[in-house]
Structure formats: structure tokens, C-alpha cells
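The following report works through one protein chain, moving from single loop residues to sheets, core and overall dimensions. Please keep the sequence and the structure in view while reading.

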Amino acid sequence: MNNISNVAKLGECITFGDGIVIKDGAIIENNVVICDNVVIGQNVTIQKNLRIGAGTKIWDNSFIRSSIGEECVIARGVFIDTEVPIGNRVKIQNRNNITHGVILEDGVFVGPNVTFSNDKYPRSINLDESLKSGTDWICSKTEIKKGAALGAGCVIVCGVRIGEWAMVGAGAVVTKDVPNYAMVTGNPARIIKWVSKSGYPMSFIKSDKKYAYFFSSTENKEYKIPIRDCDIQIE
């Protein structure tokens, strides 16, 4: 059974699953697919031709321009631009602007007030001082890989890759790629530790010509990191 507010604005050809909640002031445009057990908060806008995956929750005052995977949580006041692939079980905290060119894979965590960009050489005007249009600049792709976590208030400069299960500390400024399982902090962000899938720091065991080996006490498991990624002193 669905619970859809009578003051929500619904477009045409919307496909509804079961167990859906749509609250007051929500705007759902044409040809949207809303899967089972989705919650759409007050004053949320979902633009046309999108799919919202099963179990996803989108909270108040968010503006959605891309499809969203299953079991995601989109917190209050989030803007998601066009052509932003969002995987399953992604959590995006309050007040985030996810720009065109960003890719969020499965299990990504985006803390509150993270800053993304998508133009390495931004200008408002062309050489003739005319206003730039959407075709007058190059969008740089930014990849946030599976399980990675971005701490509150960090800045992700466009064109970088944040590796699988990596962790970016609060307030860090990321200007280059972050390897899988690396924890980075500071401005510019630098590797300070290596973390397991559970997010906790690991202890260094040994290294050889190809890998450095770490142990996760929380998982009772050994990890190996390619030596090419370990360009700092291992502690």
C-alpha cells in the first residue's frame, strides 16, 4: 500500500512500486520509475525519465536530476546533477552538490558539505567575453570507487579517482588519485594510514618487491597493498 500526499505534484506515466511514501510538496515529473519501499520527503523534486531504486530514501528539499540505485539514503538539501551514476547503498549526507561528471559507485559515503568540482580551468566568459555555454568547457570526470568514504567538508578537485574502500578525512583537499584502502588527510591530502573495509586503521606486517602487507585486527584479516601505492614511509 502506498502513502502519497494529496498535495504532491505528480507528472504523467509514473510507475509506482509498493510501500511508497511521498510527502507534501514533492514534485515527481513525467516518466519516473519509483520502485518498492521508496520514501520521498517534503519538497523533493525528481526530474523526468529517472529511476529511483527500491528502498531508497530521499529526504526534504533535495533536487534529483539522475537515477539512484537501491537502498540509498539522500539526506536533506542535496542537489544531484544530470548524468551522475549513483550505485546501490550510497549515503549522501546533508547539503551536498553532486556535480555532473561525478561517479559514485556502490557503498560510497559522502559526508556533509563535501565540495566537488567538474571544470579544471573554469571561466565564466570566452575570449570574446561572451558568456560561456554548456559546450564551451570540458567536464572532468571524478570517480569515487566502491566503499570509499569522504569526510565532512572535504574538497575533491575534479579529475581524480578515490580508490575502493579509501577514506578521505574531514576538511582534506584531494588534488590527486587516492589508492585503494588509503586514508588521506590535510591540504593537499596525503596518505597517513591504510584502512580495511571496516574503516579502521591496519598494522603493517611486512613488504616484498610487489606488495606491502597489513593486518586488520577488527576483521582478523590480512590485506596486501601494491608497493607502487606505498610512496610514503610505512609505520
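## Loop residues and backbone geometry

Asparagine 61 counts as partly exposed, its relative accessibility being 46%. The model is a predicted one, and in it asparagine 61 sits in the loop between β10 (57-58) and β11 (63-64). Its backbone deserves a note, since phi of asparagine 61 is near 65°, a positive value in a residue other than glycine.

Asparagine 49 also takes a positive phi, near 65°, as a residue other than glycine, and it belongs to the loop between β8 (45-46) and β9 (51-52). With a relative accessible area of 49%, asparagine 49 is partly exposed. A further positive phi, near 55°, is found at asparagine 220, in the hairpin of β28 and β29.

A cis peptide bond, with omega about -5°, links asparagine 187 to proline 188. Proline 188 is placed in the loop between β25 (182-185) and β26 (190-194).

Valine 108 is a loop residue too, found between β16 and β17 (109-110). Is valine 108 buried or exposed? Valine 108 counts as buried, because its relative accessibility is 1%, which is under the 20% limit for that class. Leaving aside residues up to four places away in sequence, valine 108 touches Arg89, Val90, Lys91, Ile144, Lys145, Gly147 and Ala148. Between the C-alpha atoms of valine 108 and valine 32, which are 76 residues apart along the chain, the separation is 24 Å.

## Strands and sheets

The chain contains 29 strands and zero helices. Strands of a sheet pair through backbone hydrogen bonds, in either the parallel or the antiparallel sense. In this model, parallel pairing is seen in an open sheet of three strands with the order β3-β6-β9. At the edges of this sheet stand β3 (15-16) and β9, each of which has a single partner strand, so one side of each is left without a neighbour in the sheet. The strands β3 and β6 (residues 33-34) run parallel and are joined by two bridges, and phenylalanine 16 has isoleucine 34 of β6 as its bridge partner.

Another open sheet of three strands, with parallel pairing, has the order β16-β19-β22. Here β16 and β22 (161-162) are the edge strands, and each has a single partner strand, so one side of each lacks a neighbour in the sheet. Three bridges pair β16 with β19 (residues 142-144) in the parallel sense, and glutamate 143 in β19 is the bridge partner of isoleucine 103.

Antiparallel pairing is found among β27, β28 and β29, as the table sets out.

| Strand pair | Sense | Bridges | Residues between the strands | A bridge pair |
|---|---|---|---|---|
| β27 (203-207) and β28 (211-216) | antiparallel | four bridges | three residues | serine 203 and phenylalanine 215 |
| β28 and β29 (221-226) | antiparallel | six bridges | four residues | tyrosine 213 and lysine 224 |

The strand β28 thus takes part in a hairpin with β27 and in a hairpin with β29.

## Nonpolar core

In soluble globular proteins, nonpolar side chains tend to be buried together. The largest nonpolar core of this chain has 56 residues, of which Ile46, Ile80, Ile92, Leu104, Leu150 and Ile162 touch the most other members. At least two residues of this core come from each of β16 (102-104), β25, β26, β28 and β29. Which residues does isoleucine 80 touch, not counting those up to four places away in sequence? The contacts of isoleucine 80 are Phe63, Ile64, Arg65, Ser66, Ile68, Ile74, Ile86, Ile92 and Ile98.

## The chain as a whole

Along the principal axes, the C-alpha atoms fill a box of roughly 65 × 55 × 25 Å. The chain has 235 residues, of which 41% count as buried. Its exposed area is about 12,400 Å², with carbon and sulfur atoms supplying 48% of it. Among contacts with a separation of 6 or more, 13% are between residues 24 or more positions apart. As for charge, there are 27 positive and 25 negative side chains, and 6 Å lies between the centres of the two sets.

Conventions:
Residues numbered from 1 in each chain as written. Predicted model: local features only at pLDDT ≥ 70, side-chain atom pairs only at ≥ 80, totals over all residues. Heavy atoms only, no water. Pairing = 2+ DSSP bridges. Buried < 20%, exposed > 50% of the residue type's maximum accessible area, 1.4 Å probe, protein only. Contact = heavy atoms within 4.5 Å. Areas by Shrake-Rupley, 256 points an atom, 1.4 Å probe, with all protein chains shown as cover. Lys, Arg positive; Asp, Glu negative; His and termini not counted. Charge placed at Lys NZ, Arg CZ, Asp CG, Glu CD. Core = buried A, V, L, I, M, F, W, Y, C linked by side-chain atoms within 4.5 Å.
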